[in-house]
Amino acid sequence: MLDLIIRNANLPDGRTGIDIGIAQGRIAALEPALQAEAAQSIDAEGRLVTPPFIDAHLHLDSTLSLGLPRLNESGTLLEGIALWGELKPHLTVEAIYERAKKLCLWSMARGTLGIRSHVDICDDRLLAVEALAKLREELKPYIDIQLVAFPQDGYLRYPRSAQNLERALAMGVNVVGGIPHFERTMEDGAQSVKTLMRLAAERGLRVDMHCDESDDPLSRHIETLAAETIRHGMQGRVAGSHLTSMHSMDNYYVSKLIPLIAEANTAVIANPLINITLQGRHDTYPKRRGMTRVKELMAAGITVGFGHDCVMDPWYPLGSHDMLQVASMGLHVGQLTGTEEIKSCFAAVTESPAKILGLEGYGLTPGCHADLVILQAEDAFEAIRLSAERLFVIRRGKILAEAPPRHSRLHLPHGPLPIDFTRAGLATL
Ligand code: FE2
């Protein structure tokens with residue numbers, strides 16, 4: 001006797017008509033016409049059932065602080081940084097905790113059940129570390145939160161970063177962060193990467209650095225990050241976030257760099273919503289797009305994940321933590337409209353970030369956690385096109401969130417006509 005059966009599911013790999021049997025919080029069987037009884041069943045009616053969305057890059061400590069203490073009038077990265085500096089002295093553990101918790105409730109309703117959040121350690125009180133470590137424990141039954149020690153004001157540039165990083169790790173932060181392009185010089189940037197990589201290697205920790213978030217084609221810290229990954233044998237455990245300078249680099253140099261990133265098995269995390277709005281601000285026309293070379297990185301077999309980065313904070317006033325919106329922006333900005341490329345954009349908000357975070361039991365094979373999302377869409381293509389409604393979000397075999405199918409109703413002389421914009425719905429018009 002199973003706990004739950006989801007019948008007639010389409011899967012992201014293209015299989016259709018699949019039944020998924022769930023017992024004790026895990027996937028027990030996954031096959032067509034499953035012969036089994038269950039306490040509860042859901043008919044997916046030929047809709048897409050996917051493992052949950054995973055956000056590879058977010059800042060839970062600043063999220064939902066929009067308007068505090070004022071709005072970012074210019075909308076630029078620099079005013080955003082200044083604004084965060086104004087807000088920092090007024091932060092409290094409670095306020096950070098409450099805002100981050102509300103964001104996580106949105107995430108759960110959106111079927112995003114894994115988040116890697118950077119947490120600023122350049123506040124000597126480490127209030128954000130305290131707040132987010134508490135939240136991570138409290139929400140463990142519902143959502144996997146990974147915390148990155150992020151020296152926002154520079155690891156070498158901010159005088160107490162090294163001590164604060166040690167304290168943050170002792171408080172349970174899981175991943176070592178960095179921001180080499182924000183150090184005072186290129187040499188300091190490279191030195192910060194080397195020091196932080198050694199520190200992470202000694203402790204067996206994963207690494208995720210904000211790296212080369214700039215339009216400067218000579219910002220090349222990703223090269224050092226990849227080389228240090230190889231030196232320390234940390235292949236598969238290191239990620240470079242943003243890498244926007246790659247957009248502006250010389251093609252010849254990139255023809256050497258991408259194979260190095262592939263050799264190091266260093267993952268790449270792009271943040272399409274933020275990169276497209278914050279980069280290229282010094283340009284007149286044509287304006288650079290500012291997202292890293294996702295198409296070429298994916299083609300080289302490098303793991304590429306997408307992050308939301310910001311939701312209603314000093315850097316980005318928009319968003320509702322919808323990872324399908326992120327996939328859509330990444331697809332558009334990267335001109336990733338090929339059939340396989342569209343599937344890769346869906347993977348960039350699901351299985352690829354799960355791999356980057358090293359989430360145990362993620363996936364759709366028997367034995368995996370029964371963490372699933374049923375979407376109002378028949379495949380990944382339609383899910384991205386419609387930012388599809390999350391009809392059911394299932395965590396460890398139990399329904400965590402539910403939403404009715406989304407549709408409009410046209411009032412015509414012969415009666416009301418529902419419109420849901422799906423391909424299946426077209427047949428009824
Ligand atoms: Fe970030």
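Mentor: Let's start with a rule: two strands count as paired if DSSP finds at least two bridges between them. Keep in mind, too, that this is a predicted model.

Trainee: Happy to. What makes S2 and S3 a pair?

Mentor: Strand S2 (residues 18–23) is joined to S3 by five bridges. The rule asks for at least two, so S2 and S3 qualify as paired. The two strands run antiparallel, and within the pair Ile22 stands opposite Ile27 in S3.

Trainee: What links S2 and S3?

Mentor: They form a hairpin, with two residues between the strands. One thing to look for in the turn is Gln24, whose phi is positive, at about 50°.

Trainee: How do you know that S1 and S4 are paired, and in which sense do they run?

Mentor: Strand S1 (residues 2–10) and strand S4 (residues 38–50) share seven bridges, and at least two are needed, so they count as a pair. Their sense is parallel. You can find Ile6 opposite Ile42 in S4.

Trainee: Where do these strands sit in the sheet, and why are S3 and S15 said to stand at the edges?

Mentor: The sheet is open and has seven strands, in the order S3-S2-S1-S4-S13-S14-S15, with mixed pairing. Strand S3 (26–31) and strand S15 (398–402) each have a single partner strand, so one side of each has no neighbour in the sheet. On average, neighbouring strands here are turned by 30° against each other, direction ignored.

Trainee: Now the helices. Why is H5 described as it is relative to H6?

Mentor: The axes of helix H5 (residues 186–203) and helix H6 (residues 221–231) come within 10 Å and cross at roughly 25°. Angles under 35 degrees count as roughly parallel, so H5 is roughly parallel to H6. The crossing of H5 and H6 is right-handed.

Trainee: Which residues make that contact?

Mentor: H5 brings Met186, Gly189, Ala190, Val193, Lys194 and Met197, while H6 brings His221, Thr224, Leu225, Glu228 and Thr229. By class, the residues of this contact are five nonpolar, four polar and two charged. Gly counts as polar under the scheme used, so Gly189 goes with the polar residues.

Trainee: And how is the protein divided into domains?

Mentor: The domain assignment gives domain 1 (2–51 + 363–408) and domain 2 (53–357). The C-alpha centres of domain 1 and domain 2 lie 30 Å apart.

Trainee: How many residues of each domain are in contact with the other?

Mentor: Taking heavy atoms within 4.5 Å as contact, 19 residues of domain 1 touch 22 residues of domain 2.

How values were computed
Residues are numbered from 1 along each chain as its sequence is written. This is a predicted model: local features need pLDDT of at least 70, side-chain atom pairs count only at pLDDT 80 or more; totals for chains, interfaces and linings use all residues. Side-chain values use heavy atoms; hydrogens and water are left out. Helices (H or I, at least four residues) and strands (E, at least two) are DSSP runs, numbered from the N terminus. Axes are lines fitted to C-alpha atoms, for helices over the stretch in contact, and angles run from 0 to 180 degrees between N-to-C directions. Angles under 35 degrees count as roughly parallel, over 145 as roughly antiparallel, 65 to 115 as roughly perpendicular and the rest as oblique. A crossing is left-handed if the near helix is turned anticlockwise from the far one by less than a right angle, and right-handed if clockwise. Domain bounds come from an automatic or database domain assignment.
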